[in-house]
Amino acid sequence: MEKKAISVAGTKLYGPYTPGVKSGSMIWLSGQIDVDAGDDIASQTAGALAKIDALLEAAGVTKDAICFAQVLLDNIGDFQAMNEVYGAWVESMEVKPARAAFEAGALPAGAKVEIVVQAIDPN
């Protein structure tokens with residue numbers, strides 16, 4: 001099955017990876033961080049989710065196509081603040097994605113949060 005790269009012009013990469021890959025109906029997005037969004041967990045969560053929205057749009061789907069999200073936190077103490085932003089982002093979704101959230105040792109570029117998603121293109 002053919003793989004197609006998914007990217008958005010101007011996306012800052014932190015290593016040798018593709019921001020997203022689509023193969024058949026499956027879509028995998030690399031972990032998204034946004035250290036430029038601000039120094040707090042709420043700003044960085046909103047920034048990472050905005051990047052996810054843009055990548056999904058580039059793949060031809062919306063966030064409603066997400067079936068699984070993985071949230072990595074630099075500090076699990078930030079869970080509640082992250083969850084408030086994430087909860088508002090998924091609020092309109094009829095079927096919210098399955099999700100895992102946990103503390104990771106250290107995230108790229110000193111990020112407070114990194115979000116990874118997998119989606120299925122319904123078309």
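Student: Let's start with strand pairing. In β5, which residue is the bridge partner of Gln70?
Tutor: Ala100 is the bridge partner of Gln70 there. Keep in mind that this is a predicted model.

Student: How many bridges join β4 to β5, and do they run parallel or antiparallel?
Tutor: Six bridges, and the two strands run parallel. β4 covers residues 66–73 and β5 covers residues 98–103.

Student: What does the chain cross through from β4 to β5?
Tutor: Through helix α2, residues 79–90. The β-α-β crossover formed this way is right-handed.

Student: And which strands does α2 lie across?
Tutor: β4, β5 and β6. Against β5, α2 runs at about 160 degrees.

Student: Zooming out, what's the strand order in the sheet?
Tutor: β1-β2-β3-β6-β4-β5. The sheet is open, has six strands, and its pairing is mixed.

Student: Which ones are the edge strands?
Tutor: β1 (3–6) and β5, each of which pairs on one side only. As for twist, the average is 15 degrees from one strand to the next.

Student: OK, over to β2 and β3. Parallel or antiparallel?
Tutor: Antiparallel, with four bridges joining them. One of the bridge pairs is Ser23 with Met26 in β3.

Student: Let's stay on Ser23. Buried or exposed?
Tutor: Buried, because its relative accessibility is 14% and the cut-off for buried is under 20%. Ser23 belongs to strand β2, residues 20–23.

Student: What does the side chain of Ser23 reach?
Tutor: The backbone oxygen of Glu2, at 3.4 Å. Leaving aside neighbours within four places in sequence, Ser23 is in contact with Met1, Glu2, Lys3 and Trp28.

Student: Val21 is in β2 as well. What does Val21 touch?
Tutor: Not counting residues up to four places away in sequence, Val21 touches Lys3, Lys4, Ile6, Met26, Ile27 and Trp28. Val21 is partly exposed, at a relative accessible area of 25%.

Student: Where is Val21 relative to Leu73, C-alpha to C-alpha?
Tutor: They're 23 Å apart in space, with their positions 52 residues apart in sequence. For Ile120 and Val21, the C-alpha separation is 12 Å, and they sit 99 residues apart along the chain.

Student: Which strand is Ile120 in?
Tutor: Strand β6. Ile120 counts as partly exposed at 37% relative accessibility, and beyond four places in sequence it touches Ser25, Met26, Ala65 and Cys67.

Student: Switching to the interior: how many residues has the largest nonpolar core?
Tutor: It has 25 residues, and the ones with the most contacts inside it are Ile27, Ile52, Leu56 and Ile115. β3 (26–32), α1, β4, α2 and β6 (113–120) each supply at least two of the core residues.

Student: Which element gives the most to this core?
Tutor: α1, with seven residues. Ile52 is in contact with Leu29, Gln32, Ile66, Trp89, Ile115 and Val117, once neighbours within four places in sequence are left aside.

Student: What about the other core, which residues are in there?
Tutor: That core has six residues, among them Val35, Leu72, Ala104 and Leu107, and it lies apart from the 25-residue one.

Student: Now some polar residues. Where is Gln44, and is it buried or exposed?
Tutor: Gln44 is found in helix α1. It counts as buried, since its relative accessibility is 3%.

Student: What lies 2.9 Å from a polar atom of its side chain?
Tutor: The backbone oxygen of Gly38. Not counting residues up to four places away in sequence, Gln44 touches Asp34, Val35, Ala37, Gly38, Asp39, Ala111, Lys112 and Val113.

Student: Last one, Asp53. Which helix, and what polar contact does its side chain make?
Tutor: Asp53 is in helix α1, residues 41–59. Its side chain makes a polar contact with the side chain of Trp89, at 3.1 Å.

Student: And which residues does Asp53 touch beyond four places in sequence?
Tutor: Lys63 and Trp89. Asp53 is partly exposed, with a relative accessible area of 31%, and its C-alpha is separated from that of Trp28 by 13 Å, the two being 25 residues apart along the chain.

How values were computed
Residues are numbered from 1 along each chain as its sequence is written. This is a predicted model: local features need pLDDT of at least 70, side-chain atom pairs count only at pLDDT 80 or more; totals for chains, interfaces and linings use all residues. Side-chain values use heavy atoms; hydrogens and water are left out. Two strands pair if DSSP finds at least two bridges between them. A crossover is right-handed if, with the strands pointing away from the viewer, the path from the first strand over the helix to the second runs clockwise. Buried means under 20% relative accessible area, exposed over 50%, partly exposed in between (1.4 Å probe, protein chains only). Contact means heavy atoms within 4.5 Å. A polar contact is a pair of N or O atoms within 3.5 Å; within protein, one must be able to donate a hydrogen and the other to accept it, and residues adjacent in sequence count only if both atoms are side-chain atoms. A nonpolar core is a set of buried Ala, Val, Leu, Ile, Met, Phe, Trp, Tyr and Cys residues joined through side-chain atoms within 4.5 Å. Axes are lines fitted to C-alpha atoms, for helices over the stretch in contact, and angles run from 0 to 180 degrees between N-to-C directions.
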